[in-house]
Amino acid sequence: MFWESRGGRIALTFMLGVGALAGCTADVYPIAPDESPSPIPSPSPVDPDAATATLVAGAVEFAIIAPMEQEASAATFNLSAEVEGAVTLSIEAAQVAPGEPIMFILVSPGILTATNDGGLVVTDATGAVVGAIAPPHWRATLTLTADTEARLALPLNTSTTPDVFTVSLGTQGIRSAHWVERSDGPSLFTDPTNFARTSSMPGWMLAWSEVIRYHPEADAPGLLDQIICHGIGAADKETWNLEPWRPDVGLAATLAARCNP
């Protein structure tokens with residue numbers, strides 16, 4: 001089923017818990033106002049003998065530092081070719097010391113913010129999202145430890161965990177966006193990149209930031225909810241059609257209205 005995206009606002013303090021999309025419903029779990037945030041662990045000293053790598057996409061650059069297994073001569077890092085502003089770093093789990101986190105240090109300008117689905121976004125001095133790291137899979141966790149530092153913790157080796165873990169960094173959220181006049185009003189036909197379609201909240205926020213950067217007239221309460229609605233219910237649709245004139249009714253109601261509140 002194709003959904004058309006329109007309307008809503010969500011903050012970083014919201015977590016999406018999406019059950020069956022039949023009926024276009026979803027659960028939204030806000031963090032309670034009196035809920036204390038989880039303590040941020042102190043950064044660990046960096047092992048001077050750790051393996052290092054660089055993760056770069058566009059103007060966003062991370063230094064990667066991985067403590068090595070004692071018998072390993074080097075940790076294995078493989079970086080994919082950049083496609084549409086996205087690269088994937090592959091890490092050979094057997095080469096990393098068990099239980100030791102891999103450090104991700106932002107060395108380009110910007111500040112890191114965690115999303116509640118386990119990913120990260122990079123914002124510039126204006127607060128715009130200029131890069132995003134997709135949530136890791138296979139019970140790996142990416143934890144923010146400072147404004148420019150995060151830790152990737154791999155699960156302990158078991159028979160069910162993969163030999164290689166991947167982390168994707170994207171800096172391009174949309175391929176194109178253009179206005180089309182429809183019978184019910186103007187619609188911004190937006191073609192997200194594959195990264196934006198597949199990277200959950202970090203990818204959706206990157207696409208949202210680019211939409212309002214290139215089309216500031218579309219910046220309205222509810223636009224991010226429209227994008228999230230498409231990402232949840234129609235990620236593979238050719239274009240995500242956004243209409244900032246639709247009412248801001250919140251994410252749950254936007255989903256219930258099939259992105260057309």
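In this predicted model, the largest cavity holds about 100 Å³ of space. A search of the whole structure turns up 1 cavity of 30 Å³ or more. Its lining is made up of 12 residues, and Val96, Ala97, Pro98, Gly99 and Pro155 are the ones that lie nearest the centre. Sorted by class, the residues lining this largest cavity come out as 8 nonpolar, 2 polar and 2 charged. As for how such spaces come to light, rolling a probe the size of a water molecule over the atoms shows where empty space is left.

Pockets are the open counterpart. The second largest pocket has about 240 Å³ of space in it. Here 17 residues form the lining, with Thr88, Ser168, Phe195, Thr198 and Ser199 lying nearest the pocket's centre. Where do the lining residues of this second largest pocket come from? Three elements each chip in at least two residues: β6 (86-92), β13 (164-170) and α1 (194-198). The class split for the lining of the second largest pocket is 8 nonpolar, 8 polar and 1 charged.

Stepping back to the whole chain, the secondary structure adds up to 4 helices and 16 strands. Of the 261 residues in the chain, 48% are buried. Take the contacts between residues at least 6 apart in sequence: 64% of them join residues at least 24 apart.

One helix is worth a closer look. Helix α3 (residues 223-233) has 10 of its 11 residues buried, so the helix is largely enclosed by the rest of the structure. The buried residues of α3 start with Leu223, Leu224, Asp225, Gln226 and Ile227, and carry on with Ile228, Cys229, His230, Gly231 and Ile232.

Next come the rings. How many aromatic pairs does the structure hold? There is 1 aromatic pair. It is formed by phenylalanine 62 and phenylalanine 104, whose ring centres are 6.3 Å apart and whose planes meet at 65°; planes over 60 degrees apart count as edge-to-face, so that is what this pair is. The pair ties together distant parts of the chain, with phenylalanine 62 in strand β4 (residues 60-66) and phenylalanine 104 in strand β7 (residues 102-106), 42 residues apart. Buried or exposed, then, for phenylalanine 62 and phenylalanine 104? Both phenylalanine 62 and phenylalanine 104 are buried. Another ring has a charge for company: the charged end of arginine 213 sits over the ring of tyrosine 214, 5.6 Å from the ring centre.

Finally, a couple of backbone angles stand out. Arginine 139 has a phi near 65°, which is a positive value in a residue other than glycine. This arginine 139 is part of the loop between β10 (129-133) and β11 (141-146). Its relative accessible area is 54%, and arginine 139 is exposed because the cut-off for that label is over 50%. Serine 200 also has a positive phi, near 55°, and is likewise a residue other than glycine. Rather than in a loop, serine 200 has its place in helix α2 (residues 200-214). With a relative accessible area of 29%, serine 200 is partly exposed, since that value falls between the 20% limit for buried and the 50% limit for exposed.

Methods: Residues are numbered from 1 along each chain as its sequence is written. This is a predicted model: local features need pLDDT of at least 70, side-chain atom pairs count only at pLDDT 80 or more; totals for chains, interfaces and linings use all residues. Side-chain values use heavy atoms; hydrogens and water are left out. Rings of Phe, Tyr and Trp (its six-membered ring) pair if their centres lie within 6.5 Å; planes under 30 degrees apart count as stacked, over 60 as edge-to-face and the rest as tilted. Buried means under 20% relative accessible area, exposed over 50%, partly exposed in between (1.4 Å probe, protein chains only). A charge sits over a ring if NZ of Lys or CZ of Arg is within 6 Å of the ring centre and within 35 degrees of the ring normal. On a 1 Å grid over the protein atoms alone, a cavity is a set of points where a 1.4 Å probe fits but cannot get out, and a pocket is an open set with protein on both sides within 12 Å along at least five of seven lines; lining residues have an atom within 4 Å of a point. Grid points are joined across faces, edges and corners, and a volume is the space filled by probe spheres set on the points. Ala, Val, Leu, Ile, Met, Phe, Trp, Tyr, Cys and Pro count as nonpolar, Asp, Glu, Lys and Arg as charged, and the others, Gly among them, as polar. Contact means heavy atoms within 4.5 Å.
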